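Please open the structure in a viewer and keep the selection tool at hand. The tour proceeds stop by stop, naming what to select and then what is found there.

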Amino acid sequence: MAKIEPILLLVAAVMPAGHATPADVRTAAVQSSSDAFSNVAPTTMAVASAPASAHARFPGFAAQLAEQPTLSGPNAWPVLTYDKAWSALASAASDGRQQARWNYVRSLIGQGLGAEALSVLDVMKSDDPDLALVDSWQLARGAALTQLGRYADALNALGGAALTTNAEACAWRMRSMGEAGLAGPALSQVNGALPAINARTVRERAPFVLAASRAALAANMPAQAVQWLAQLRDRDPAANLLRGRAYLALGKMQEARLRLDRVGLSGTAEEQMDAKLSALEGAVASKTLAPASALKQLDHIRFAWRGGDIEKRALLMTAQLSAGAHYTARSLSAGAALFRYFRLGTEAAPTLAALRAQFTASLAPGSGVPLDKAAGLYWEFRDLAPAGGEGDLLVNNLASRLQAAGLYARAAELLQYQMTARAQDIAQGPLSVRVASLQILAGRPDRALAALRSTNGVLYPDQMLQDRHRIEAVALHLLGRTSEALAVLDDVPDGKRITAEMFWQKHDWKNLVAAGEADLPAPGALNDVEQTIVLRHAIGLAMLGQEGGLAKLKSRYAVSFARLPTAATFNVLTQPVSTIDPSALSDAMASLPSTSPAGQIANLLAADAPSPQLASASPKPAG
């Protein structure tokens, strides 16, 4: 029988001084399993004690099993024929049924039927809960779970103190860790596993040697992997796949190509795809293949194969090559898929940091990415956005660019996501105002109202409440619910000016004059806003034909306007109604100060209002 004792010396040579003991590695591996495993979530198995209240149908076998010889090497899993196994189960008396089951479990594991073995082990434990305390039962459970690919559960089952130095348990721990990608912990188990591995035939040891070789490759020790794989058959496709990857890492391209080509002829579908990807990785690493050609081949691989380590490696390679070629969307797409659907373990933090840096750079104004594409990138990969203030600033800047470009609806949707998915409590207040404002500018006052109502359940400061009430009143007014809008404005300090703006926008001269009377400024130096209030009041009076009111207004403010640029406008508007020339009135209205008494709210009120066509309007005659 071929032995692999030389590996012991090699491992001892490459392991650093003071390397962790098997017990330390077991603890570290189990603790890191939540990051390293992409399979079924582990189930916690209590190994320290059995449930006190559990009912045992066949008690006593736990003690018998504990007294039996410790499982070791291939003799631990003697294979029974189908007929012999089922005959023993069928003819077993009550006191011998658990032993018959145990023999069947060992046979199933010896045949690689982990799922069936696990089912029998669970039945055994349900009939005798004390089995959870027996090392041999835990070892069998760990072996079955390893065969199922449930590596976290397997390491948990193999983690008992008595199994720390058990060679068979070391072999199964090494296999679980190697298959799960825990390279360092797997390699540290090899020395303890050697007696169990050496006792096996070449065929029986193959899964263990392959797992150790994968760990060696992951730990950048390809020469050691080649030496280990020498124990396996030359025509073993799984071994040739790893040999090819090891030769690539050693720079032996011809040997690598031969091994990988052989896998393409004799391997399984998965092994053939892995060989194709490995050859592609080697070509890119040696710079013998252009990135564009490599990306095309990667697209084919990703289309043909989903899941597992193959897709993970293909996505990682696609993201790296695309980033180097400045294919931003392609790189982010591959990187996001990698981050969303695969457990990256220790690679998660640096991978996410690189993705976020690329994502942020692509959305910067000077990135060269068109604005509409930048918005699309954010919406597609928004889960990659930085957290906290940095992420909020990114969204706000992008929304401002969209707003400046007149893309109000897209800006509103962007901030709506931030408001609902990122902001909490009082932080939703300013966002709700901005979202509602953008929805109004986009001609969607109903959605503006919905944005405000959806964030009503927070106790906002008075100033923020007033801001929300202003926007709510605008939305209600544009929806034709002006009476409700006026009620909302009752408690807003500048509510009367907003009310007057509503009437001005709708040419409701009667209500404009009535609402504006109390807001007329005192005579004297008038600023732009105060001039606008007086001039609009004059227009309202003129449109209503109220010459008495115009005369009073002229008498009150004639001196105030005398030296202002708007003096001519004031004089035209305060003439007797019968003498006002419509064309002169139109010119006067066009020369009104652009500042609105309602401030920015005026722009929102105008978003859905018809433009005034006062050039064709004639004053009402006094009557």
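Begin by selecting His326, which counts as exposed at 68% relative accessibility; exposed means over 50% relative accessible area, buried under 20% and partly exposed in between, with a 1.4 Å probe and protein chains only. The model is a predicted one, in which local features need pLDDT of at least 70 and side-chain atom pairs count only at pLDDT 80 or more, while totals for chains, interfaces and linings use all residues. Residues are numbered from 1 along each chain as its sequence is written, and side-chain values use heavy atoms, with hydrogens and water left out.

His326 lies in the loop between α19 (308-324) and α20 (328-341). Helices (H or I, at least four residues) and strands (E, at least two) are DSSP runs, numbered from the N terminus. The phi angle of His326 is near 65°, a positive value in a residue other than glycine.

**The whole chain**

Now display the entire protein chain, which holds 35 helices and zero strands. Of its 623 residues, 46% are buried. Contact means heavy atoms within 4.5 Å. Among contacts between residues at least 6 apart in sequence, 66% join residues at least 24 apart.

**A second loop and its flanking helices**

Select His507, in the loop between α29 and α30. Its phi is near 60°, again a positive value in a residue other than glycine. His507 counts as partly exposed, at 26% relative accessibility.

Extend the selection to helix α29 (residues 495-506) and helix α30 (residues 509-516), which pack at an angle of about 160° with their axes 8 Å apart. Axes are lines fitted to C-alpha atoms, for helices over the stretch in contact, and angles run from 0 to 180 degrees between N-to-C directions. The angle makes α29 roughly antiparallel to α30; angles over 145 degrees count as roughly antiparallel, under 35 as roughly parallel, 65 to 115 as roughly perpendicular and the rest as oblique.

α29 passes α30 in a left-handed crossing, a term used if the near helix is turned anticlockwise from the far one by less than a right angle, and right-handed if clockwise. Show the side chains of Ala500, Phe503 and Trp504 on α29, and of Trp509, Asn511, Leu512 and Ala515 on α30, since these residues make the contact. They divide into six nonpolar, one polar and no charged. In this division Ala, Val, Leu, Ile, Met, Phe, Trp, Tyr, Cys and Pro count as nonpolar, Asp, Glu, Lys and Arg as charged, and the others, Gly among them, as polar.

**Aromatic pairs**

How many aromatic pairs does the structure hold? There are nine. Rings of Phe, Tyr and Trp (its six-membered ring) pair if their centres lie within 6.5 Å; planes under 30 degrees apart count as stacked, over 60 as edge-to-face and the rest as tilted.

Select Trp379 and Tyr417, whose ring centres are 5.9 Å apart and whose planes stand at 75°, so the pair is edge-to-face. Trp379 lies in helix α22 (residues 371-380) and Tyr417 in helix α24 (residues 408-422), so the pair ties together parts that are 38 residues apart in sequence. Trp379 is partly exposed, with a relative accessible area of 39%. Adding Phe359 and Tyr378 to the selection shows the cluster that ring pairs form with Trp379 and Tyr417.

Move next to Phe561 and Phe570, a stacked aromatic pair with 4.4 Å from centre to centre and 5° between the planes. Phe561 is buried, with a relative accessible area of 1%, and Phe570 is buried, also with 1%.

**Three buried residues in helices**

Return to helix α24 and select Gln418. This residue counts as buried, at 2% relative accessibility. Not counting residues up to four places away in sequence, Gln418 touches Asp392, Val395, Asn396, Ala423 and Leu431.

Select Ser362, found in helix α21 (residues 348-363). Ser362 is buried, with a relative accessible area of 4%. Residues up to four places away in sequence aside, Ser362 touches Thr328, Leu332, Ser367, Val369, Ala374 and Leu377.

The last stop is Ala157, in helix α9 (residues 151-157). Ala157 is buried, with a relative accessible area of 1%. Which residues beyond its neighbours within four places in sequence is Ala157 in contact with? They are Gln138, Arg141, Gly142, Leu145 and Leu163. A C-alpha to C-alpha distance of 8.8 Å separates Ala157 from Ala140, 17 residues apart in sequence.
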